[in-house]
Each structure stands twice: as structure tokens, then as C-alpha cells.
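Hi,

Here is the structure I promised to pass on. Have a look at it first, and then read on for what turned up.

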Amino acid sequence: MKKILFLTPYVPSSRAGGENFTRLLLEQLSHSFHVDLLYFRYADDPIYESPNDNIKVVKEIVNSTGVKILNFLRYPIIHPIYSIRFNRSLLRYIRKIVDENKYNLIYLDHSQMALYGKYFPNIKKILMSHDVMAQRFSRQGNRLNWKLIVSGEKKIMCQPNTIVFSFSEKDRKIIKNYYGIDSKVTNFFLDDNLVSAEPTDIQKRFVFLGKWKRSDNFNGLKWFFDYIYQQVDKTIEIVIIGKWLPEDFQKKISSYDNVKYLGFVKNPYQIIANSLATISPLFSGAGVKVKVVESLACGTPVIGTNIAFEGIPSKYSNMMLLADNYESYQKAMDINISIEERKRFKQEFITDYTSETIPQFISKLLK
């Protein structure tokens, strides 16, 4: 079997969209390749458990805010978003295992790992751009910061022997326009539990999904409760799913009889499939939103902003309901799509969405 060195800045897990993509990608690659995995985790994160002998954890790095600051200070010539997980002692270790194992491919998962690729110009590399940083930071208003982001992203994307992937045609076009690179597009993997979840008994319920320590997600949730919630019919249940919801916000919503915070749910898909809609009020961020894709794959409509729907083909627009004020939410939340129509949409969406995957490309690349 050929060998892949896989570098990722997070624990591959089902806790969040990007991390779940990494988890499922590793499992699929392990059917055809030996994969050596190096990943970062925080002290309270779970340890990754390999599903089979073809995935070997060669290094686990415990991360912290202090460690990230030190890494940036040691490599201040590039924007910290690209350097906070880079340090030279780890680079020496990677060089050592690359020399020993003669990898056929290095997989750089997220832009935060891309600096390591710079030191291996003669090895084939794939850079998975989960977000195009040029777009993500263009929405944050600091022009100098944005220029530094673009400069750094150009350096990491234009490395020799590197193939860049993103999750949508929109991102592919942005990469081409900014950096002149012909990147490729792949889709998120759809969890088996998601594929099997069927709309069978629609409840009077709306769902929020997210990794709540991510400001894009939490700011949208907070906005909904600040500006929309008080006018919503209180006979409708609102369920919030996902880790790291701030304690003060949990305390605030605990007084609302129709709101439930479930925290992390290992398999939330049947809840989603039997809800009226998922709500995704995003006002910042970039890239395809996994929670939107997963909701559509459940046959569940999504109420959200243009940013929530970025990168998803317009042919699915009948299930993507735009809303950014009370009037538009009132209209969108008065939703009535039959179970039969939702089941039909689910099957069409899944068939379309699973047609292109990154393991197929890697198998051809390493023939």
C-alpha cells in the first residue's frame, strides 16, 4: 500500500462539520492507503481513536492559547492564522518521518497546516482549503489585516507540487481570481446516520446547529434571540444543538419555556429530519456551511442569509429560504412542505451531492 502523511489542526471527530469531514476522509483513505496522522487537540478534547490498523497516529500535539502565541512570535513574517500551529521542532520531527517513510503524498488539512508543505517541495501535496481566507477576512473590515491574509494565502497556495481543493465552485473561482490557481472541488461526506435519517413525523420545531465557540455561529444565534425570538410563536419549540454555548447565554435561554439546549448530540439527524426547518442566520464567515448541507441532505429546509447559502447550487433554492429580518422570518417560518416532497428532495440531493469525492481523485493521483 502507498503511504500518506496527513496533517490536521483539529481532532478528527463528529463534533463539527469540518472535523467530521476529516474523520470520514481518513476512514475512506484507509481502505486503500496507509495513513500516518498528526493532529492537534486542546486539553479538553477527546483523543482520536483509529478505526482500523491502516491509520496510525504518529504525533498528537496538545494545543493552547499560549502555545499558539509562541508559535506566532517565532514566525512573525506571515499572518498568525497560518503560523499559530507551526513550530520548527515539530517540523524537524516531520522531516524525520518523511525521510524514514518515503510518503507518496502529504495531505495538508486546512490553511493552518499549509506552512509545513513549504519544506517539502518535491513531494506531492494536497491542500484542503476549508475556507478561502481572502473572502472570510474581507468581511471583517480591517484592510491591512486583509492584505496580510491575502499575501500569506498566496504563498501557501502557490507551493510547488501542491493541488488545492475547496468545497464549492464559488470558492474555486475566488482562488482563481485572487491567486491564478486552477484548484479542484470536492464535496463533504455524508454520514451514514444522516443518509438513513428520514422525515417521518414533522414536529412543530426549529433547529439551530453549530460549534458555538465559533463567533460566526454564535453571533448569528444571539442576533436571532435579540431581534426575532420575542415575536415568534411560543408554541413552536426551538432546539439548539452543538458544543460550547457560552454559560451566560445558556442561563438566558433557560427561562424560555419553548427553547431547549441539547449540547453535543452524536446523531442529531433524525431530530433535524423531523423539524420544520434549520435556522442559520450567518453574517460573516466563508465557504460552504456543513450544517446547511447536512440539513438539506435530511430533506429539511433551511432558513438563512445569503452567506449561509454560499457555494450551494441555486437549483436547491426551493429548500433554502432567505431571511434577515422579522418580516422575512415570519414568512419563512410559516413553512408547509409535505413529507413526500421532503423525501423526494432528500434522495435527489444525496444522489447529486455524492457524485464527486476527494478519495477518488487521490486514488487516481497515486496510481
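To start you off: which residue in strand 6 is the bridge partner of Met-128? It is Phe-165. Before you go further, please keep in mind that this is a predicted model.

**Around strand 5**

Met-128 has a bridge partner on strand 4 as well, namely Asp-109. Strand 5 (125-128) pairs with strand 4 in the parallel sense, over 4 bridges. Strand 5 and strand 6 also run parallel, and 4 bridges join them.

Is strand 5 covered on one face or on both? Both faces are covered: Lys-125 and Leu-127 are buried on one side, while Ile-126 and Met-128 are buried on the other.

Part of the setting here is helix 16, which spans residues 358-365. Its buried residues are Ile-358, Pro-359 and Ile-362. These three sit on the same side of helix 16, because the arc they cover around the axis is only 100 degrees. The general background is that an α-helix has 3.6 residues a turn, so residues three or four places apart point the same way. Strand 5 is among the elements that cover the buried residues of helix 16, and so are strand 1 (3-8), helix 1 (17-29), strand 4 (105-109) and strand 6 (162-166).

**The six-stranded sheet**

Further along the chain you'll find an open sheet of 6 strands, paired in parallel, in the order 10-9-8-11-12-13. Its edges are strand 10 (259-263) and strand 13 (320-322); each has a single partner strand, so one side of each has no neighbour in the sheet. On average, neighbouring strands of this sheet are turned by 25 degrees against each other, with direction ignored.

Strand 8 and strand 9 run parallel and are joined by 5 bridges. In that pairing, Phe-208 stands opposite Ile-240 of strand 9.

Ile-241, also in strand 9, is worth a click. Its relative accessible area is 4%, so Ile-241 is buried. Among the residues Ile-241 touches are Val-207, Phe-208, Leu-209, Leu-262, Pro-268 and Ile-271. Leu-262 comes 21 residues away from Ile-241 along the chain, yet their C-alpha atoms are separated by 5.3 Å.

What lies across strand 8, strand 11, strand 12 and strand 13? That is helix 14 (residues 326-333), which runs at about 175 degrees to strand 12.

**A few loop residues**

Lys-211 is in the loop between strand 8 (205-209) and helix 10 (215-227). Is this lysine, Lys-211, buried or exposed? Lys-211 counts as buried, because its relative accessibility is 18% and the cut-off for buried is under 20%. Its contacts include Ala-16, Glu-19, Asn-217, Lys-243 and Trp-244.

Trp-244 belongs to the loop between strand 9 (237-241) and helix 11 (247-253). With a relative accessible area of 23%, Trp-244 is partly exposed. Trp-244 is not a glycine, but its phi is positive, at about 70 degrees.

Lys-102 is another residue other than glycine with a positive phi, in this case near 50 degrees. You'll find Lys-102 in the loop between helix 4 (88-101) and strand 4. Lys-102 counts as exposed, with a relative accessibility of 60%.

Happy to look through it together.

Cheers

Note on methods. Residues numbered from 1 in each chain as written. Predicted model: local features only at pLDDT ≥ 70, side-chain atom pairs only at ≥ 80, totals over all residues. Heavy atoms only, no water. Helix = DSSP H or I, 4+ residues; strand = E, 2+ residues; numbered from the N terminus. Buried < 20%, exposed > 50% of the residue type's maximum accessible area, 1.4 Å probe, protein only. Contact = heavy atoms within 4.5 Å. Arc of directions from axis to C-beta. Pairing = 2+ DSSP bridges. Axes fitted to C-alpha atoms, helices over the stretch in contact; angles between N-to-C directions.
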